[in-house]
Amino acid sequence: MQAKRLLIVGAGGHGRSVAEAALSSGEWSEIHFADDKCAELKSVNNFPLAGPLKSYLTIGHQYDGIVVAIGNNEVRSRFALKCLEHNLPLTAVIHRRAFVSPFAEIGAGTTIMAGVTIGDSAKVGIACIINSNSCVDHDCCISDFVHLGVGVCLAGGVKVGKSAVLYAGTCAGYHVNVPATSTWGPGAVLTHTEMHEITSPTMLGAEFSSPLTR
């Protein structure tokens, strides 16, 4: 197998989880972090620190893949878009214990953690976080920069607008439209009734910054 090198931008809790997912996939022979911890540490969980956080723009071309592992949607989206602007190899990381339908589409820079299910014909945009044990059922449409927390459950046909955050245990019923940039606390239950009260047509539907890839 050809040796492949991955650069993970951010070595916090999510970054460490992404490194574990990347290691589990068997796709990467070397995994490095870019994080400001490099001023005091040489490695995190035995993965080398290649430079400070923003060094990804200058060292990124040395890698076969880059993923931005920062939980904050605004920061992650900014860094991911910079990768695309500079033609850096933004890549998805999928844990080997996740199930992704062969008919689903996953955007560059998205991270899919252990126990996740992505159903038939689902679409996930760029630089999304799909956290452990979440379910994105058939025909769901997840826009760019969305963050789904642990154990989120989306029934078939749900649309999640750009940069929305659904925290742990949130559930959305069939064909619910979740507004862009909205935030939902742990255990929220989203139905058409709640969505009708807060959404407008301009907030609905999927927004993708780049073509989806599998």
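**Entry 1: R5 and E30**

I started with R5, which makes a salt bridge to E30, with 3.4 Å between the closest N and O atoms. I should jot down right away that I'm working on a predicted model. Next I looked up where the two partners sit. R5 belongs to strand β1 (residues 5–9) and E30 to strand β2 (residues 30–34), so this bridge ties together parts that are 25 residues apart in sequence. Then I checked accessibility for both ends. R5 comes out at 21% relative accessible area, so I have it down as partly exposed; the cut-off for buried is under 20%. E30 has 35% and is partly exposed as well.

**Entry 2: how many salt bridges?**

I wanted the count for the whole structure, and I got 5 salt bridges. Besides R5–E30, I followed up two of them, E74–R78 and E85–K82.

**Entry 3: E74 and R78**

Where does the E74–R78 pair lie? I found both residues in helix α3 (residues 73–85), 4 residues apart, which is about one turn of the helix. Their side chains form a salt bridge at 2.8 Å, N to O. For exposure, I noted 47% relative accessibility for E74, so it goes in my notes as partly exposed. R78 is at 41%, and I listed R78 as partly exposed too.

**Entry 4: E85 and K82**

I stayed in helix α3 for this pair: E85 and K82 are both in it, with a spacing of 3 residues, again about one turn of the helix. The N to O distance in their salt bridge is 3.9 Å. I checked that against the limit, which is within 4 Å, so the pair counts. Is E85 buried or exposed? I got a relative accessible area of 55% for E85, so I wrote down exposed; the cut-off there is over 50%. Its partner K82 has 34% and is partly exposed.

**Entry 5: I94**

Last, I moved on to I94. I located I94 in strand β6, which covers residues 93–94. Its relative accessibility is 24%, so I94 goes down as partly exposed. I also looked at I94 against V116: the two are 22 residues apart along the chain, and I get 9.3 Å between their C-alpha atoms.

**Recap**

For my own reference: R5–E30 links strands β1 and β2, whereas E74–R78 sits within helix α3, and so does E85–K82.

Key
Residues are numbered from 1 along each chain as its sequence is written. This is a predicted model: local features need pLDDT of at least 70, side-chain atom pairs count only at pLDDT 80 or more; totals for chains, interfaces and linings use all residues. Side-chain values use heavy atoms; hydrogens and water are left out. Helices (H or I, at least four residues) and strands (E, at least two) are DSSP runs, numbered from the N terminus. Buried means under 20% relative accessible area, exposed over 50%, partly exposed in between (1.4 Å probe, protein chains only).
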